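This briefing is meant to be read beside the sequence and the structure. It takes a selection of residues, ring pairs and enclosed spaces in turn.

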Amino acid sequence: MTLVLVLAACLLAVAVVMTLTALRARQLGVVAVVDVAWGLGFVVVALIAALLGSLSDEADARRWLVLAMVALWGGRLAWHVRSRALGDHQGKEDPRYAEMLGGSLQDVGMRAAVRRVFLVQGGAQWFVSLPVQVGAVLAVEWWPVVWIGLLVWAVGLTFEAVGDRQLKAYKAQPKESRPQVMDQGLWAWTRHPNYFGDAMVWWGLWLTAGLASGWLPGLLTVACPAVMTFFLRNVTGAKLLEKKMMERDGFPEYAERVSMFFPTPPKKRR
């Protein structure tokens with residue numbers, strides 16, 4: 001019964017977060033504000049799940065560890081995305097969303113944005129966070145899996161944070177003197193270390209909150225990080241961004257040398 005309450009409360013929380021975000025998007029005239037709500041929405045879900053988990057006789061302190069993991073990831077991501085929106089995009093629409101919508105928010109209208117972005121993002125947010133919700137009401141069955149998950153999460157967060165920092169340092173260089181594309185550091189191993197890191201974070205959370213609760217909770221929630229990985233690579237992340245990036249000088253050659261998503265040793269320059 002507690003699990004049903006947690007699932008329902010988290011679904012309601014996601015609906016509220018996405019509704020408020022849609023209203024803010026209409027006020028600003030850009031859909032990209034949803035990226036800030038993406039990370040923060042997960043933090044809200046984890047907080048509600050942890051608080052309501054106290055109603056379960058099986059729940060233990062692991063839910064607070066999971067909350068801390070989600071809060072560190074989501075808070076950092078929201079701050080980074082907000083800084084990028086004010087800096088790189090200067091308050092304008094993110095090209096990814098312009099591509100997804102088929103134009104600006106003013107061109108397609110708010111109904112289309114709600115249908116194509118906010119409903120999709122809200123549904124994905126609730127679904128992907130299911131391991132967090134389930135783990136909040138269940139006891140840990142395998143503690144070693146908790147620590148393995150924490151390690152995977154830490155590797156993912158490092159990839160994401162370091163990759164973002166390296167890209168920011170690259171963009172801070174004068175365009176005349178910097179390389180055509182960012183191909184140093186983690187970007188020499190994968191063209192999207194931030195998206196790869198994001199996926200790793202959620203596989204780590206699945207291990208810590210889902211699989212560590214037992215084989216059945218793990219099996220029932222394994223689709224959640226898999227869906228997140230698929231979206232990051234093929235739908236809203238890497239592939240969508242590269243449609244625009246392939247038009248830049250030097251990027252097609254960079255793409256031939258460096259793996260798109262999973263880190264691998266780079267090929268030698270021709």
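A124 lies in helix α6, and in this predicted model A124 counts as buried because its relative accessible area is 19%, where the cut-off for buried is under 20%. Although A124 and W38 are 86 residues apart in sequence, their C-alpha atoms are 9.8 Å apart in space. The points below go on to an aromatic cluster that includes W38, to two further buried residues, S129 and T221, and to a pocket and a cavity.

**Aromatic rings**

- W38 belongs, together with F42, W73 and W202, to one aromatic cluster.
- The count of aromatic pairs in the model comes to 12; one of them is formed by F42 and W73, whose ring centres are 5.5 Å apart and whose planes stand at 65°, so this pair is edge-to-face.
- The pair of F42 and W73 links distant parts of the chain, since F42 is in helix α2 (residues 34-52) and W73 is in helix α3 (residues 62-87), 31 residues apart; both F42 and W73 are buried.
- F251 and Y254 also form an edge-to-face pair, because their ring centres are 5.5 Å apart and their planes are at 65°.
- F251 and Y254 are 3 residues apart in helix α13 (residues 251-257), which means that about one helical turn separates them, and both F251 and Y254 are buried.
- A charged group also meets a ring in this model, with the charged end of R178 sitting over the ring of Y170 at 4.8 Å from the ring centre.

**Two buried residues, S129 and T221**

- S129 is found in the loop between α6 (110-128) and α7 (130-135), and S129 counts as buried because its relative accessibility is 1%.
- The side chain of S129 is joined to the side chain of Q133 by a polar contact of 2.9 Å.
- When residues up to four places away in sequence are not counted, S129 touches F42, V45 and W202; F42 and W202 are themselves members of the aromatic cluster described above.
- T221 lies in helix α10 (residues 215-221), and T221 is buried because its relative accessible area is 4%.
- With its neighbours within four places in sequence left aside, T221 is in contact with L130, P131, V134, W206 and G210.

**The second largest pocket**

- About 480 Å³ of space lies in the second largest pocket, which is lined by 27 residues, and the closest of these to the pocket centre are D35, R96, Y195, L232 and T236.
- The elements that give two or more residues to the lining of this pocket are α2, α3, α4 (95-101), α6, α8 (143-172), α9 (193-210) and α11 (223-235).
- Helix α6 gives the most to the lining of the second largest pocket, with 6 residues.

**The cavity**

- How many cavities of 30 Å³ or more does a search of the whole structure find? The search finds 1 such cavity, and about 30 Å³ of space lies in the largest cavity.
- The residues that line the largest cavity are A46, A49, A50, R63, V66, L67, V132 and A136, and the elements that give two or more residues to this lining are α2 and α3.

Terms used: Residues numbered from 1 in each chain as written. Predicted model: local features only at pLDDT ≥ 70, side-chain atom pairs only at ≥ 80, totals over all residues. Heavy atoms only, no water. Helix = DSSP H or I, 4+ residues; strand = E, 2+ residues; numbered from the N terminus. Buried < 20%, exposed > 50% of the residue type's maximum accessible area, 1.4 Å probe, protein only. Contact = heavy atoms within 4.5 Å. Polar contact = N/O pair within 3.5 Å; in protein donor to acceptor, adjacent residues only side chain to side chain. Phe/Tyr/Trp six-rings, centres within 6.5 Å; stacked < 30°, edge-to-face > 60°. Lys NZ or Arg CZ within 6 Å of the ring centre and 35° of its normal. 1 Å grid on protein atoms, 1.4 Å probe; cavity = no way out; pocket = protein on both sides within 12 Å on 5 of 7 lines; lining within 4 Å. Points joined across faces, edges and corners; volume = space filled by probe spheres on them.
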